[in-house]
Amino acid sequence: MSVETLLEPIPTKILPPRPSEFLSSWFADVPADQIIELRALHVSDSRVHQEFFTMNAPGELLGRAFSLVETHNCYFGVCPRNRPEGNKAAVTIAPGLWADLDFKRFEDGEAGALRQLADFPLSPTWIIATG
């Protein structure tokens, strides 16, 4: 696969996407009674704030994240949980596989990361640029 292929809109989606589109895709087959973690780290001192939302209320999760974005870096737990705990003991399912490619770890930055990804035998469904 070439770097140019990775930049094509289909089948890979280069992001950031609309958050609601990504969450709907990622959690498509997860039962509605499962819980998603919102983890917010304060930008000045990295204090961690956690909140939990049911799968049937993704709009509430996004609304809360958007309300915190000026003062916090917001993340969501990629694995649903059966109870409001931020540890792996509460995880019920992994809806997909993910990998983190930090550009700073590649000698030639983003181009090197995309080259490495292009050489991987499986194509990603999403590429999320988080900054």
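1. A salt bridge is a side-chain nitrogen of Lys or Arg within 4 Å of a carboxyl oxygen of Asp or Glu. Side chains of opposite charge can pair when their charged atoms come close. One such bridge joins arginine 39 and glutamate 37, with 2.8 Å from N to O. A search of the whole structure finds seven salt bridges.

2. A word on the model. It is predicted, so local features need pLDDT of at least 70 and side-chain atom pairs count only at pLDDT 80 or more, while totals for chains, interfaces and linings use all residues. Residues are numbered from 1 along each chain as its sequence is written, and side-chain values use heavy atoms, with hydrogens and water left out.

3. The overall plan. The protein chain has four helices and five strands. Their order along the sequence is α-β-α-β-β-α-β-α-β. Helices (H or I, at least four residues) and strands (E, at least two) are DSSP runs, numbered from the N terminus.

4. Surface and interior. The protein chain has 131 residues, and 31% of them count as buried. Buried means under 20% relative accessible area, exposed over 50%, and partly exposed in between (1.4 Å probe, protein chains only). The chain exposes about 8,800 Å². Carbon and sulfur atoms supply 55% of that area. Accessible areas come from the Shrake-Rupley method with a 1.4 Å probe; for residues, only the protein chains shown count as cover.

5. Contacts along the chain. Contact means heavy atoms within 4.5 Å. Take the contacts with a separation of 6 or more: residues 24 or more positions apart account for 58% of them.

6. Back to the first salt bridge. Is glutamate 37 buried or exposed? Glutamate 37 counts as buried, at 2% relative accessibility. Its partner arginine 39 is partly exposed, at 31%.

7. Look next at glutamate 51. It lies in strand β3 (residues 48-54). Its relative accessible area is 18%, so it is buried. Beyond its neighbours within four places in sequence, glutamate 51 is in contact with Ile36, Glu37, Leu38 and Arg64. Its side chain also makes a polar contact of 2.6 Å with that of histidine 49. A polar contact is a pair of N or O atoms within 3.5 Å; within protein, one must be able to donate a hydrogen and the other to accept it, and residues adjacent in sequence count only if both atoms are side-chain atoms.

8. Which residue meets glutamate 51 in a salt bridge? Arginine 64 does, at 2.6 Å from N to O. The pair links distant parts of the chain, 13 residues apart: arginine 64 in helix α3 and glutamate 51 in strand β3. Arginine 64 is partly exposed, at 30%.

9. Helix α3 (residues 58-68) has two sides. Its buried residues are Leu61, Leu62, Ala65 and Leu68. Why do they lie on the same side of α3? They cover an arc of only 130° around the axis, and that puts them there. The arc is that of the directions from the helix axis to the C-beta atoms. On the other side, Gly59, Glu60 and Phe66 are exposed. The cover over the buried residues includes α2 (19-26), β2 (35-42), β3 and β4 (72-76).

10. One loop residue deserves a look. Serine 46 sits in the loop between β2 and β3. It is not a glycine, yet it has a positive phi of about 60°. Serine 46 is partly exposed, at 45% relative accessible area.
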